[in-house]
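Please walk through the structure shown below, one part after another. The text begins with a strand and its sheet, then turns to a helix and to the aromatic rings.

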Amino acid sequence: MALTVLLHAKAKSGRSLDVVDFYRETLAATRSRPGCIGVRVVRSTDDDTDFTLIEQWDDKADQEAYAAWRTETSADVLARFGELLAGPLRIEFYEEINA
């Protein structure tokens with residue numbers, strides 16, 4: 001069953017465009033991972049520092065494999081992203097239901 005992951009990120013003041021550039025630079029690698037259905041980024045119309053990354057995966061195992069790969073291979077990328085943010089990421093997991 002498909003899995004949707006929401007990653008909520010709050011950019012530091014004045015760093016919103018840097019977050020956009022970061023996503024543009026790094027998301028191709030996410031999209032190329034096995035089981036990735038798609039990745040989208042949205043930004044609040046009320047607060048340009050408020051971003052949500054929407055990932056869709058074939059299943060939880062594919063997302064977990066991606067997360068492990070990203071952690072193992074991209075410590076520098078993750079550290080650079082952390083420097084752009086005003087606080088920790090908030091991550092939510094949703095499974096698709098047929099309703």
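The model is predicted. A good place to start is strand β1, where 7 of the 8 residues are buried, so this strand is largely enclosed by the rest of the structure. Strand β1 covers residues 3–10.

What encloses β1 can be followed through the sheet. The sheet is open and is formed by 4 strands in the order β2-β3-β1-β4, with antiparallel pairing. Its edge strands are β2, residues 36–43, and β4, residues 90–95, each of which pairs on one side only. On average, neighbouring strands of the sheet are turned by 15° against each other, direction ignored. In general, strands of a sheet pair through backbone hydrogen bonds, and the pairing is either parallel or antiparallel.

In this order β1 stands between β3 and β4. On one side, β1 and β3 run antiparallel and are joined by 8 bridges. Here L7 stands opposite L53 in β3. Towards β4, the strands also run antiparallel, and 6 bridges join β1 to β4. T4 stands opposite Y94 in β4.

One residue of β1 can be looked at in detail. H8 lies in this strand. Is H8 buried or exposed? Its relative accessibility is 16%, and buried means under 20%, so H8 counts as buried. Setting aside neighbours within four places in sequence, H8 is in contact with F51, T52, P88, L89, R90 and E92. With E92 there is also a polar contact between the side chains, at 3.1 Å.

The sheet also has a helix lying across part of it. Helix α1, residues 16–31, lies across β1, β2 and β3, the last of these being residues 50–57. The helix runs at about 175° to β2. L17 has its place in α1. With a relative accessible area of 61%, above the cut-off of 50%, L17 is exposed. L17 and T4 are 13 residues apart along the chain, and their C-alpha atoms are separated by 25 Å.

The aromatic rings come next. How many aromatic pairs does a search of the whole structure find? The search finds 6. In the pair of Y23 and F81, the ring centres are 5.5 Å apart and the planes stand at 55°; planes under 30 degrees apart would count as stacked and over 60 as edge-to-face, so this pair is tilted. The pair links distant parts of the chain, with Y23 in helix α1 and F81 in helix α3, residues 75–84. The two residues are 58 residues apart. Both Y23 and F81 are buried. They belong to one aromatic cluster, formed by F22, Y23, F51 and F81. F51 appears among the contacts of H8 as well, which ties the cluster to the strand described at the start.

Two other rings have a charged residue over them. The charged end of R33 sits over the ring of W69, at 4.3 Å from its centre. K60 lies over the face of F93, 4.6 Å from the ring centre.

Terms used. Residues numbered from 1 in each chain as written. Predicted model: local features only at pLDDT ≥ 70, side-chain atom pairs only at ≥ 80, totals over all residues. Heavy atoms only, no water. Phe/Tyr/Trp six-rings, centres within 6.5 Å; stacked < 30°, edge-to-face > 60°. Buried < 20%, exposed > 50% of the residue type's maximum accessible area, 1.4 Å probe, protein only. Lys NZ or Arg CZ within 6 Å of the ring centre and 35° of its normal. Polar contact = N/O pair within 3.5 Å; in protein donor to acceptor, adjacent residues only side chain to side chain. Contact = heavy atoms within 4.5 Å. Pairing = 2+ DSSP bridges. Axes fitted to C-alpha atoms, helices over the stretch in contact; angles between N-to-C directions.
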